[in-house]
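User: Please take a close look at one strand in this model and at how the rest of the chain is arranged around that strand. A connected account is preferred to a list.

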Amino acid sequence: ESLKMPNGIPASVSTFLLQTDGKNILFDAGLGAFGGQTLNRLAALGIEPDSIQLIYLTHFHVDHIAGLIAQDSTGNATKVFKNAAIYAGKVEYEAWMNNIPKNDLQKTVMGIYKDSLHLFAFGDSLPNGVLAIDAVGHTPGHTAFQFSNLLVVGDLMHGYALQKDHPEINSNYDMDKEKSIESRKRIMQYARDKKLLM
C-alpha cells in the first residue's frame with residue numbers, strides 16, 4: 001500500500017547475455033521447458049545455443065538452471081549448450097549435491113555437464129574478467145558476478161521496488177533470511193560505492 005502498488009510488487013526471472021572479446025556469455029539459464037524464454041530471446045538476437053561459450057550460475061534454483069537441459073525424444077535429459085563451460089560456486093555445488101533434499105534436477109544437470117563444469121570460490125577472478133562475489137543467503141552459495149561496471153545479482157532481490165528501501169524484507173524463497181539481509185545490504189552498498197549498474 002505504501003508503494004501504491006495494489007496489485008503487488010513486480011518481480012522478474014532473468015538471464016543475462018554478455019558479449020565480450022568475441023564470446024557469448026550467459027549468466028544463468030532460466031526455466032527451460034518449465035516456461036523459460038531464454039532460448040527464444042537468444043534466437044531473436046540470432047544467437048544459437050551452440051555459440052554460448054561460458055555460463056556463470058548465480059545459484060541452483062530451478063528458474064536458473066533448468067534451461068541448461070532439454071529432453072530428447074526418448075525422455076532423456078540432454079545438454080542445451082553443448083559448447084559452454086559451466087561455472088558454479090563450490091559452496092553452492094557442495095550444498096546441493098550433499099545436504100539439500102529434493103535435488104534431483106540439480107544432480108541431473110550437474111551430471112550432464114560434469115565434463116565442462118568448473119567450480120570457483122568467492123573472490124575468484126573468472127575468465128573474461130568476471131569476479132565472483134559472496135551473495136550467500138538466498139541459497140548456501142548464492143553468487144553475484146561483476147564484469148567491469150556491471151553487477152549481476154541473481155536473486156539477491158525478488159521485488160526491487162520494495163527491497164531497495166527495505167532490504168530487511170525477505171522473499172519466502174530466501175533459504176537463510178539473516179544472511180540474505182546481510183548480503184543485500186552489503187552488495188547494494190558495494191554497488192553504490194563503486195557506481196555499478198546492478
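Analyst: Both faces of β6 are covered in this predicted model. On one side A85, Y87 and G89 are buried, and on the other I86 and A88 are buried. In a regular strand the side chains alternate between the two faces of the sheet. The count for β6 is 5 buried residues of 5, so the strand is largely enclosed by the rest of the structure. Buried here means a relative accessible area under 20%.

The neighbours of β6 within the sheet come next. Strand β3, residues 54–56, is joined to β6 by 3 bridges, and the two run parallel. Y56 has Y87 of β6 as its bridge partner. β7 is also parallel to β6, with 4 bridges between them. In that pairing A88 stands opposite L119 of β7. Y87 thus appears twice in this account, as a buried residue of β6 and as the bridge partner of Y56. A88 is likewise buried and faces L119 across the pairing.

These pairings belong to an open sheet of 5 strands, ordered β1-β2-β3-β6-β7, in which the pairing is mixed. The edges are formed by β1 (16–20) and β7 (117–120), each of which pairs on one side only. On average, neighbouring strands of this sheet are turned by 25° against each other, direction ignored. Strands of a sheet pair through backbone hydrogen bonds, either parallel or antiparallel. The antiparallel sense is found between β1 and β2 (residues 23–27), which pair over 5 bridges. There, L18 has I25 in β2 as its bridge partner.

Helix α3, residues 90–98, lies across β6 (85–89) and β7. The helix runs at about 80° to β6. The loop between α3 and α4 contains K102. Most residues other than glycine have a negative phi, and most peptide bonds are trans. K102 is not a glycine, yet has a positive phi of about 55°. K102 is exposed, and its relative accessible area is 81%.

After that loop comes α4, residues 104–112, in which Q106, V109 and M110 are buried. Viewed down the axis of α4, the buried residues fall within an arc of 95°, so they line one face of the helix. The cover over the buried residues of α4 includes α2 (62–65), β4 (69–71), α3 and β7. α3 and β7 therefore appear in two settings: α3 lies across β6 and β7, and both α3 and β7 are among the elements that cover the buried residues of α4.

A further open sheet has 4 strands in the order β8-β9-β10-β11, with antiparallel pairing. At its edges stand β8 (125–126) and β11 (150–152), each with a single partner strand, so one side of each is left without a neighbour in the sheet. Within the sheet, β9 (residues 130–134) and β10 (residues 143–147) pair over 5 bridges in the antiparallel sense. I133 stands opposite A144 in β10. Helix α6, residues 177–194, packs on this sheet and touches β9, β10 and β11. The direction of α6 makes about 145° with that of β9.

The loop between β8 and β9 holds N128. Phi of N128 is near 65°, a positive value in a residue other than glycine. N128 is buried, with a relative accessible area of 18%, whereas K102 is exposed at 81%.

For the setting of β6 in the chain as a whole, the count is 6 helices and 11 strands. The radius of gyration is 17 Å, close to the 16 Å given by the globule rule for 198 residues, so the chain is as compact as a globular protein of that length. The C-alpha trace spans about 50 × 35 × 35 Å along its principal axes. Of the 198 residues, 43% count as buried, and the residues of β6 are among them. The accessible surface of the chain comes to about 10,500 Å², with 52% of this area belonging to carbon and sulfur atoms. Among contacts between residues at least 6 apart in sequence, 63% join residues at least 24 apart.

How values were computed:
Residues numbered from 1 in each chain as written. Predicted model: local features only at pLDDT ≥ 70, side-chain atom pairs only at ≥ 80, totals over all residues. Heavy atoms only, no water. Pairing = 2+ DSSP bridges. Axes fitted to C-alpha atoms, helices over the stretch in contact; angles between N-to-C directions. Contact = heavy atoms within 4.5 Å. Rg over C-alpha atoms; globule rule 2.2 N^0.38 Å. Buried < 20%, exposed > 50% of the residue type's maximum accessible area, 1.4 Å probe, protein only. Areas by Shrake-Rupley, 256 points an atom, 1.4 Å probe, with all protein chains shown as cover. Arc of directions from axis to C-beta.
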